[in-house]
Structure formats: structure tokens, C-alpha cells
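Here is a friendly walk through one protein chain, helix by helix. Keep the structure open beside the text as you read.

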Amino acid sequence: MKASGLSPLSRNNIRKASLLRSPISCARKYAPRKANPTMLITLMRQFVEKYPKNDKVYFAYESIAQTSINAGNTDAGLATYREFVERYPESPPAGDAMFKIADLQRSKAEALGRYSALSDKDRSQWNTLVEGSIAASEEAIRKYPDSASLAAGSSKRCCSASACF
């Protein structure tokens, strides 16, 4: 054991885990609950590299993105979703990833505060985030009209964007 209480990530752990069946259960089994998020991200990256054509690869990307976001690194989460869309544009979950990009950008804009109360610098950043959110939503609707995220959240997106002003 290391001083931090974490066991080292080893190839044996990855082989033992049933990565082909579920990268999520693998992560739960081999990454302790209070572990450094880097351990889970490393494990999921290894899965993506080793099994890029596996039908569960989106779940690995989802784990990477959500772990980054939960650790306070929204930009890394956004980059992870973008990477998935770029590498797997024909995959059914690509639409979900696009909508998550839009939602994350919208959330970042909302976190800045009400537009009318922002400084000029923050208004510029807010505009960039909202424009990016709208563009990602439009692209997702255009490219992935059958996405489950479209059906589940389109009214939420429209309503929450108008509340920002």
C-alpha cells in the first residue's frame, strides 16, 4: 500500500476485472470509493485505449467526464465529451454526449450569475458559453434527432436558458 492508502494500479487488476462486460463495475471494484479521481480516470482511459471498438466505450468516457466534473474540472469533462463525439460520431450515444456538452456550457454560464449583474469581461465569457451551448444543442438536434437526451431534456434546456437573463 502507498502512503495515501491506495493500492497501485496494475495490469493484473485490469485483467482480473471484466472490462468487456462493464467498465463501471470494474472501476467500482478496483478504485476505492475515497480514491483519488485520477485512479478511476486512468483505469477508464486504459479501457478506451485497449478496447476502442467495445460497445461500452461510451460508459468509460462518461465515467471519465463525470469524475472530472465531480472533482471540479468541468473543462476536462467537456473535453472528454468532445473527444467521444470526435472519435465516435456515428455512435448512438454521441447525441447524448453533445447534449451534455450543451448542458455543461449552459451550467457554466449560469454559475457566472445573472447577465445583467455581470462585468463586461464576465458578460463576454457568458456570451461565449451560451453561444457554445446553443451551437452544441443545434448540432445535436441536427445530427442526432433520435437521441434519448433530445426527448428527455429539450424543454428543460429551453426554459432554463431564458431564466438566465
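The report below goes from the whole chain to its helices and then to a few residues.

**The chain as a whole**

This is a predicted model, in which local features need pLDDT of at least 70, side-chain atom pairs count only at pLDDT 80 or more, and totals for chains, interfaces and linings use all residues. Numbering starts from 1 along each chain as its sequence is written, and side-chain values use heavy atoms, with hydrogens and water left out.

The chain has 8 helices and 0 strands, and reading along the sequence gives the pattern α-α-α-α-α-α-α-α. Helices (H or I, at least four residues) and strands (E, at least two) are DSSP runs, numbered from the N terminus. Of the 165 residues in the chain, 41% are buried; buried means under 20% relative accessible area, exposed means over 50%, and partly exposed lies in between (1.4 Å probe, protein chains only). Among contacts in the chain with a separation of 6 or more, 54% come from residues 24 or more positions apart. Contact here means heavy atoms within 4.5 Å.

**Three helices and their spans**

The table sets the expected span of three helices beside the distance between their end C-alpha atoms. The expected span is 1.5 Å times one less than the number of residues.

| Helix | Number of residues | Expected span | End C-alpha distance |
|---|---|---|---|
| α3 | 14 residues | 20 Å | 20 Å |
| α5 | 14 residues | 20 Å | 20 Å |
| α6 | 19 residues | 27 Å | 28 Å |

For α6, the two values agree. Just after α6, G113 takes a positive phi of about 115°.

**Buried faces**

In α3 (37–50), the buried residues are M39, L40, L43, M44, F47 and V48. In α5, the buried residues are G77, L78, T80, Y81, F84 and V85. Seen down the axis of α5, these buried residues fall within an arc of 160°, so they line one face of the helix; the arc is that of the directions from the helix axis to the C-beta atoms. An α-helix has 3.6 residues a turn, so residues three or four places apart point the same way. What covers the buried residues of α5 includes α3, α4 and α6.

T80 offers a view from within α5. At 4% relative accessibility, T80 counts as buried. Leaving aside its neighbours within four places in sequence, T80 is in contact with R45, Y61, I64 and A65.

**How α4 packs with α6**

Two packed helices are described by the angle between their axes and the distance between the axes. Helix α4 (residues 57–70) and helix α6 (residues 94–112) pack at about 10°, with axes 12 Å apart. Axes are lines fitted to C-alpha atoms, for helices over the stretch in contact, and angles run from 0 to 180 degrees between N-to-C directions. The two helices, α4 and α6, are therefore roughly parallel to each other, a term for angles under 35 degrees.

On the α4 side, Y58, E62 and I69 meet D96, A97, K100 and L104 of α6. The residues of this contact divide into 4 nonpolar, no polar and 3 charged. Here Ala, Val, Leu, Ile, Met, Phe, Trp, Tyr, Cys and Pro count as nonpolar, Asp, Glu, Lys and Arg as charged, and the others, Gly among them, as polar.

**Two loop residues**

Which loop holds P89? P89 sits in the loop between α5 and α6, and is partly exposed, with a relative accessible area of 36%. Not counting residues up to four places away in sequence, P89 touches A94 and Y144. P89 and Y144 are 55 residues apart in sequence, yet 9.6 Å apart in space, C-alpha to C-alpha.

Y144 belongs to the loop between α7 (120–143) and α8 (148–162). At 10% relative accessibility, Y144 counts as buried. The C-alpha atoms of Y144 and A94 are separated by 7.7 Å, although the two residues are 50 residues apart along the chain.

Notes: Angles under 35 degrees count as roughly parallel, over 145 as roughly antiparallel, 65 to 115 as roughly perpendicular and the rest as oblique.
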